[in-house]
Amino acid sequence: MPSGRGRGGAAVLAAAAMAVLGACGWRQATPEAGARPKPRRRRQALAWIVPVLAMILLLGGGATVYGIQRQRAAERWAADLTGGDPQRAPALILRNGCAGCHTIPGIGAARGSVGPELSRLADRAFIGGVLPNTAENLVLWIRDSRAVNPRTAMPSTRIPEGEARDIAAYLYSLRDRP
């Protein structure tokens, strides 16, 4: 996958596990001189900790799998719509300079503020404020925006149609991402 999706899930689960352990009074104590461990208290804590941690892992894993499935479905939908491959787009976006002007989710270097943020592009009614939002119009806009609107600040990239379709597929696949 082209983005940083899935990162941080383990950290969230680890933090939740530590919170559960702390709530149960579990801590790595250094034994005092002459002190004996309290096995009964540890057994009681484990009786709660193990099922709670299992539930946290189960829910966290399920949520991760669900999120990945939703993103893959969005990518398939966008690929079918545009005839492009969203997996190839991040490199194309960086190579063609899109990241310099736009903020694009999933592409860390794309933090530009000249052009609009491109999240949820599939949900917008118009492209560039003038074209109805269709796959063909998005490909046209990516390739030659100034032919559509000579006064736009967006340069005409004149990239090959296949590359424009890949970028369009990626942008349409962002519909479920913030």
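A residue is called buried here when its relative accessible area is under 20%, exposed when that value is over 50%, and partly exposed in between. With that cut-off in hand, select Asp166 in this predicted model: its relative accessibility is 4%, so Asp166 counts as buried.

**The whole chain**

Before going further into the details, colour the protein by confidence; the average pLDDT is 83, and 76% of the residues score at least 70. Confidence is highest in helix H6, with a mean of 97, and lowest in helix H1 (residues 9-23), with a mean of 65. Over residues 1-6 the pLDDT falls below 50, although in the model this stretch has 13 contacts beyond near neighbours in sequence.

Switching to a cartoon display, you will find six helices and two strands, arranged along the sequence in the pattern α-α-α-α-β-β-α-α. Of the 178 residues in the protein, 32% are buried, and the protein exposes about 11000 Å², of which carbon and sulfur atoms supply 59%. Among contacts with a separation of 6 or more, 52% are between residues 24 or more positions apart.

**Salt bridges reaching helix H6**

Side chains of opposite charge can pair when their charged atoms come close. A search of the whole structure finds six salt bridges, and the next selections show some of them.

Return to Asp166 and add Arg88, whose side chain meets that of Asp166 in a salt bridge with an N to O distance of 2.9 Å. Arg88 lies in the loop between H2 and helix H3 (89-95) while Asp166 lies in helix H6, so this pair ties together parts that are 78 residues apart in sequence. The burial of the two partners can be compared by eye: Arg88, at 48% relative accessibility, counts as partly exposed, whereas Asp166, at 4%, counts as buried. Now add Asp85 to the selection, since Asp85, Arg88 and Asp166 are linked in a network of salt bridges.

Next select Glu163 and Arg95, whose side chains meet in a salt bridge at 2.8 Å, N to O. Glu163 is in helix H6 and Arg95 in helix H3, so the pair ties together parts that are 68 residues apart in sequence. Arg95 is exposed, with a relative accessible area of 56%.

**Arg158 and Asp144**

For another salt bridge, select Arg158 and Asp144, whose side chains meet at 2.8 Å, N to O. The two residues are 14 residues apart, with Arg158 in the loop between helix H5 (135-148) and H6, and Asp144 in helix H5. Arg158 counts as exposed at 59% relative accessibility, while Asp144 is partly exposed, with a relative accessible area of 22%.

**Arg165 and its surroundings**

Move now to Arg165, which lies in helix H6 (residues 161-173) and is buried, with a relative accessible area of 14%. If neighbours within four places in sequence are left aside, Arg165 is in contact with Thr82, Gly83, Gly84, Glu136 and Val139. Select Pro86 as well and draw a distance between C-alpha atoms: those of Arg165 and Pro86 are separated by 8.5 Å, although the two residues are 79 residues apart along the chain.

**A nonpolar patch**

Finally, show the surface and select Met55, Leu58 and Leu59, which make a nonpolar surface patch of about 330 Å². Leu59 is found in helix H2 (residues 39-82) and, at 56% relative accessibility, counts as exposed.

How values were computed:
Residues are numbered from 1 along each chain as its sequence is written. This is a predicted model: local features need pLDDT of at least 70, side-chain atom pairs count only at pLDDT 80 or more; totals for chains, interfaces and linings use all residues. Side-chain values use heavy atoms; hydrogens and water are left out. Helices (H or I, at least four residues) and strands (E, at least two) are DSSP runs, numbered from the N terminus. Buried means under 20% relative accessible area, exposed over 50%, partly exposed in between (1.4 Å probe, protein chains only). Contact means heavy atoms within 4.5 Å. Patches are made of residues with over 30% relative accessible area and no salt bridge: like charges are joined within 9 Å, nonpolar side chains (Val, Leu, Ile, Met, Phe, Trp, Tyr) within 5 Å. Accessible areas come from the Shrake-Rupley method with a 1.4 Å probe; for residues, only the protein chains shown count as cover. A salt bridge is a side-chain nitrogen of Lys or Arg within 4 Å of a carboxyl oxygen of Asp or Glu. pLDDT is the predictor's confidence in each residue, from 0 to 100.
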